[in-house]
2 protein chains.
Amino acid sequence: MDSSLRARTTKPVGRDGAEPRPADSPAKTSIDFGPLDQRVGYVLRRAQLAVFQDFFSRFEALDIRPAQYSILTVIERNAGLSQTRIADALGIKKTNLVAMIDALEARGLVRREATARDRRAHALSLTADGRLLMRKLHRISADHEQRIVERLGADVYAGLFAPLREIAAMMGDRDEG
Amino acid sequence: MDSSLRARTTKPVGRDGAEPRPADSPAKTSIDFGPLDQRVGYVLRRAQLAVFQDFFSRFEALDIRPAQYSILTVIERNAGLSQTRIADALGIKKTNLVAMIDALEARGLVRREATARDRRAHALSLTADGRLLMRKLHRISADHEQRIVERLGADVYAGLFAPLREIAAMMGDRDEG
DNA sequence: TATTGTTATACTCTATAACTATA
DNA sequence: TATAGTTATAGAGTATAACAATA
């Protein structure tokens with residue numbers, strides 16, 4: 001760690017929000033976001049909300065939300081998992097997962113079964129209806145994703161994953177849902 | 001803690017969640033996320049939550065949340081703005097902005113002033129305390145950002161903004177907060 | 001003692017309808 | 001009529017504390 005860290009091609013992050021706005025861009029009609037537009041967290045949030053909104057509208061007819069899709073996917077790929085394990089994997093508190101599983105079970109998509117090994121735990125799995133629904137959901141999800149790939153171009157799209165995973169990992173990464 | 005960083009090479013979007021898992025990666029201990037790890041929305045959400053969590057913990061001592069920081073920043077850079085304009089800019093419903101401004105005003109950070117031009121509207125601005133606090137917040141925000149820059153490298157970092165903005169723009173982009 | 005699932009609770013964020021006072 | 005701010009309300013999402021059954 002020497003001073004070379006400061007000498008980057010990209011200019012160091014501004015110390016405050018005082019980057020001067022060019023005189024030819026009046027704030028009367030267009031709003032100045034100051035440093036927000038140069039913060040990866042802000043841009044990340046805008047992008048994430050936009051993607052989730054599109055996701056949500058595509059899943060709306062099937063009455064499935066993104067969180068439910070992630071739960072169903074993990075159960076589909078890991079049948080027999082306990083609620084605590086699923087909660088940990090998706091970064092959901094087990095206490096909050098209860099009602100979510102309740103809803104999916106009431107709709108006949110998920111099954112809670114007793115296990116012989118640990119009689120406290122529930123082994124979760126998809127019902128036939130659940131598996132059928134997942135086929136539709138995965139198809140919708142892939143269509144949605146394909147639209148992003150086509151918009152960004154395959155290379156730019158593929159290049160997003162590594163840095164985003166690195167950002168998620170460098171912080172706590174206690175949440176994956 | 002978890003297996004979030006399983007480095008998959010990104011490949012064309014699968015039609016469903018049925019990409020077979022290699023036989024050498026048992027699901028007993030590590031959880032299979034299926035298509036989730038290859039969905040930009042999922043990775044985006046994980047990254048965004050991680051960044052906000054770090055943000056939140058840095059701002060915690062000053063009792064400021066990310067949404068409050070974005071509101072304060074916009075007011076700081078655009079003094080005199082109405083609540084409706086701020087709400088639109090940040091993608092917050094004006095009805096939900098009321099309580100947020102109430103809290104900031106009660107803490108003496110923001111001022112609501114009557115305007116002669118339109119007696120229905122409030123012109124918002126920061127108080128002296130508000131401006132003082134913002135200096136600290138911008139410094140914290142810049143430190144947080146610098147950590148990400150150093151972790152990713154300046155080029156990778158800089159390359160994130162364009163595709164993320166494009167993703168935000170290609171969908172509705174009704175939310176910018 | 002520790003853990004699994006659970007209830008109860010609370011706070012934030014988000015969303016809609018309806019009101020008031022202005023325009 | 002329409003708009004700015006507001007109130008009331010309701011639904012998700014997320015957080016902690018505490019409990020019964022089981023390990």
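The paragraphs below describe helix α5 of chain A, several salt bridges and the protein surfaces that meet the two DNA strands.

The structure is a predicted model, in which local features need pLDDT of at least 70, side-chain atom pairs count only at pLDDT 80 or more, and totals for chains, interfaces and linings use all residues. Residues are numbered from 1 along each chain as its sequence is written, chains are lettered from A and ligands numbered from 1 in the order in which they are written, and side-chain values use heavy atoms, with hydrogens and water left out.

A good place to start is helix α5. Helices (H or I, at least four residues) and strands (E, at least two) are DSSP runs, numbered from the N terminus. The expected span of a helix is 1.5 Å times one less than its number of residues. For the 25 residues of α5 in chain A (residues 128-152), this predicts 36 Å, and the C-alpha atoms at the two ends are indeed 36 Å apart. Just after this helix, A:Gly153 adopts a positive phi of about 90°.

Burial is judged on the protein chains only with a 1.4 Å probe: buried means under 20% relative accessible area, exposed over 50%, and partly exposed in between. The buried residues of α5(A) include A:Leu133, A:Met134, A:Leu137, A:Ile148 and A:Val149, and among them are also A:His138, A:His144 and A:Glu145. Their cover, counted by contact (heavy atoms within 4.5 Å), includes α1 (40-59), α2 (66-77), β2 (122-126) and α6 (154-170) of chain A. Chain B takes part in this cover as well, through its own α1 (40-59) and α6 (154-170).

Turning to charged pairs, a salt bridge is a side-chain nitrogen of Lys or Arg within 4 Å of a carboxyl oxygen of Asp or Glu. Over all chains, the whole structure holds 20 salt bridges. One of them joins A:Asp37 to A:Arg46, with 3.3 Å between the closest N and O atoms. In this pair A:Asp37 is partly exposed at 23% relative accessibility, while A:Arg46 is buried at 8%.

A second salt bridge links A:Asp102 and A:Arg112, whose closest N and O atoms are 2.0 Å apart. Because A:Asp102 sits in helix α4 (residues 94-106) and A:Arg112 in strand β1 (residues 110-114) of chain A, the pair ties together parts that are 10 residues apart in sequence. A:Asp102 is partly exposed, at 36% relative accessible area, and A:Arg112 counts as buried at 19%. A third salt bridge brings together the side chains of A:Asp118 and A:Arg120 at 3.0 Å, N to O. Here A:Asp118 is partly exposed at 21% relative accessibility, whereas A:Arg120 is exposed at 74%. Finally, A:Asp54, A:Arg58 and A:Arg147 are linked in a network of salt bridges.

The DNA strands come next, and a residue is taken as near a strand if one of its heavy atoms lies within 4 Å of it. DNA strand C is surrounded by 19 residues, the closest being A:Thr84, A:Thr95, A:Arg112, A:Arg120 and B:Asn96. Of the strand C atoms within 4 Å of the protein, 56% belong to sugar or phosphate and the rest to bases. Polar contacts are pairs of N or O atoms within 3.5 Å; within protein, one must be able to donate a hydrogen and the other to accept it, and residues adjacent in sequence count only if both atoms are side-chain atoms. On strand C, a side-chain N or O atom of A:Thr84 lies 2.6 Å from a phosphate oxygen. Base oxygens of strand C are reached by the side chains of A:Thr95 at 2.6 Å and A:Arg120 at 2.3 Å. The largest share of the surface near strand C, three residues, comes from α4(A).

DNA strand D has 20 residues around it, the closest being A:Asn96, B:Thr84, B:Thr95, B:Arg112 and B:Arg120. Sugar and phosphate make up 55% of the strand D atoms that come within 4 Å of the protein. A backbone N or O atom of A:Arg119 lies 2.8 Å from a phosphate oxygen of strand D, and a polar side-chain atom of B:Gln83 lies 2.8 Å from a phosphate oxygen of this strand. B:Thr95 places a polar side-chain atom 2.5 Å from a base oxygen of strand D. The largest share of the surface near strand D, three residues, comes from α4(B).
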